[in-house]
Amino acid sequence: MVLFLHNEMKQFIGLTLLLVLAAVVYGQGLNGGYVFDDLPNIVRNDALVIEDLTPRELLAAAFSSDSGRLNRPIAMASFALERHFFGLNPRIMKIANVVVHLVNTLLVYALAMVMAQRLKARGRDRQDTRLGIGVQPATFALAVAAAWALAPINLTAVLYVVQRMEALATLFMLAGLLAYVTGRVRIDSGQLRSGFALVLGGLGIGGLLAVLSKESGAMLPLFALLLEWLLFGFGAPGSAVRRGLIWIYVTILVLPAMAALMIVVPGILSEPSLPGRPFDLQQRLWTQVHAMWFYIGNILIPSPGALTLYHDAFPLAQRWHEPWTTLPALLGLVALIGAAVALVRGAPLVSLGILWFFVPHLLVSTIIPLELVYEHRNHMASIGLFIAVFSVFLSSRFDDALKSARHAAVFGLIALYGLLTFMRAGEWSDPFQLAYFEATRQPDSPRATYELGYVIIQQGAQPGSPEFDLALAQFEHAASLPRAGLVPSATRIIAHWRQGVPVPDDWWENLKEYVRNYPLSAQDISGLYSLLQGHDGLRLNAHDVEKLGGLLAFAREKNPRRSVLITLHANYLLNIAQDFEAGERALREVTVMTPRDAQAWANLAQHQIAKGEREQARHSLRRLREVDQHQRLRRQLRHLEGQLSNGEDRSQDRAKPARSF
């Protein structure tokens, strides 16, 4: 790749070669399958299916995810369209992700170019040699785009299908920032009307599309504020431009941020244990100090063994002195931010890049009770570190003997990124290969260890075979690890059921002990649901049936406000214990507790139709239609209405009232 040539044609050739190279690198992983969150969001999400290509059907599919407060409809609509035209073909969806990644690469190039050009122009205008940056804008932009396009830490935002949500949010944020910067240049040249139109369009339309792809898009105004400060300076003091910009930022940034904090902070502070997470708020915040350095290190000098799909074994920091490195790590981050502020005049691109890195982490690495570590959280953040580092390495202000070495280092880093991503994409090309590498690199990760066993079972391992024994050993190991949750333990119980082997009582007791001592996450509830599903087609002994019922009743008792656990217990009562009266009471309790839960009304209606309670079922279906605003359950509603209109008594064939997880 040509990095250090200056005429426009050679830069065009260099950019074209970069896109081809990125496509080849990621082409290695196109044959891989679905993983982890792909399954509930895409594969098992029946609401994603479009029967007729109409706006109504597409809208229902777009809002079919429970991820995020806004359901991420733009990303979900794209999955729905691909599923409609190509079925559940992961290769097609991964190709679409690669296309989005290439478009983002072009946007990164364009934005880095505009940044460098603007700072050069601003330095000339103010005759301030300190403000001038010593890089060739096109060369600098190509280097930043190449590093970002090939960086191994960005792989999960490309080959992990569901993370198109993150990639689309990045696309709309980058496009919005380009519109903003273009508009600001016009404003400074006197074209106020068109300039402010671009500024408002970039922030408004770009921000809306970004947020509807993923909530991380809410950081667009803060990115724009950073660019405004370092590239434009908010216009002349006392000018109409400055007043207009202040009003814009008060409206789109300050007021929404205050409202969000008023909504989010009281709830978190009142419940520092963070429901559904195996850590509290203090542990999360101290752990994020270490996570930030983990991200920085693996963005700039990636370690092949450290970058994995699962980071559930990331060490949990207990306090500022546990481990002892926590406080030094925090002071290092503070020093890094302080250096960025101090370098605003002398090295503005370094300042911009460092502060840019921290912007996304204000959302995902602070008080919001997300999981501790994910690589794709750096999709936008990584751009900043490449800007900061390459603005130094490619500087022409230092006419020294190390210039060639610095340029060679840039080329070497980009080549290293490309090689590591190529190798990692190869691992993602096969589900078993991916699971094997994940488990061997992360032997302390319950998810990675469990996933290897799960993939072995999915590939057809039968009870009694060496492969099945290997899978069972993986479940055993995963269940023994700290922070393993309920899924591995539930799966090894199901494996014993399939073998016809008695389940040891201490396994059931271990599950109850976990429920007693830890908040149940979405994965834990999925583990409980898998036990309900696992009995299908198998003859369970009465002892295991009793133990399963006791576990579900105990989970419900320990979490009386978790409607999903009441639903699971109702499932057991109706379909296994055959205690119809208690099961119906549980279903009604859920509708009282969560009256706007459409699935709760569907479950109750299903049971009422099975009992022949036609009038009560009509009421439940009316409530279902009222609360199912996005028509996620439209197919289930039609099916239930058909059963009701046929007047069939299905009491002997009770369907299972359970939600999808």
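The following exchange asks why certain labels are used for parts of this predicted model.

Reader: What should I know about the model before I start?
Author: This is a predicted model, in which local features need pLDDT of at least 70 and side-chain atom pairs count only at pLDDT 80 or more, while totals for chains, interfaces and linings use all residues. Residues are numbered from 1 along each chain as its sequence is written, and side-chain values use heavy atoms, with hydrogens and water left out.

Reader: Why is Arg 447 called buried?
Author: Buried means under 20% relative accessible area, exposed means over 50%, and partly exposed lies in between, with a 1.4 Å probe and protein chains only as cover. Arg 447 has a relative accessibility of 18%, so it counts as buried. Its place is in helix H18, residues 446–458, where helices (H or I, at least four residues) are DSSP runs numbered from the N terminus.

Reader: What makes the pairing of Arg 447 and Tyr 374 a polar contact?
Author: A polar contact is a pair of N or O atoms within 3.5 Å; within protein, one must be able to donate a hydrogen and the other to accept it, and residues adjacent in sequence count only if both atoms are side-chain atoms. The side chains of Arg 447 and Tyr 374 make such a contact at 3.4 Å. Contact in the general sense means heavy atoms within 4.5 Å, and, with neighbours within four places in sequence left aside, Arg 447 has such contacts with Phe 36, Tyr 310, Asp 312, Glu 371, Tyr 374 and Gln 523.

Reader: Why is Leu 336 called partly exposed?
Author: Leu 336 has a relative accessibility of 23%, which is why it counts as partly exposed. Leu 336 lies in helix H13, residues 326–342, and, apart from neighbours within four places in sequence, touches Ile 296, Ile 354 and Phe 358.

Reader: Which residues have the most contacts inside the largest nonpolar core, and what makes a set of residues a core?
Author: A nonpolar core is a set of buried Ala, Val, Leu, Ile, Met, Phe, Trp, Tyr and Cys residues joined through side-chain atoms within 4.5 Å. The largest has 137 residues, and those with the most contacts inside it are Phe 79, Phe 140, Trp 356 and Phe 390. Apart from it lies another core of 29 residues, among them Val 515, Leu 552, Tyr 572 and Ala 582. In soluble globular proteins, nonpolar side chains tend to be buried together.

Reader: Which partners does Trp 356 have in this model?
Author: Beyond its neighbours within four places in sequence, the contacts of Trp 356 include Leu 111, Met 115, Leu 177, Phe 223 and Met 380.

Reader: What makes Asn 71 and Arg 72 worth pointing out?
Author: Most residues other than glycine have a negative phi, and most peptide bonds are trans. Asn 71, however, has a positive phi near 70 degrees, and Arg 72 has a positive phi of about 55 degrees. The place of Asn 71 is in the loop between helix H3 (55–62) and helix H4 (73–86), and Arg 72 also has its place in the loop between H3 and H4. With a relative accessibility of 11%, Asn 71 counts as buried, and Arg 72, at 14%, is buried too.

Reader: Where is Pro 323, and why is the bond before it called cis?
Author: The peptide bond from Glu 322 to Pro 323 has omega near 0 degrees and is cis. Pro 323 has its place in the loop between helix H12 (281–300) and H13.

Terms used
Helices (H or I, at least four residues) and strands (E, at least two) are DSSP runs, numbered from the N terminus.
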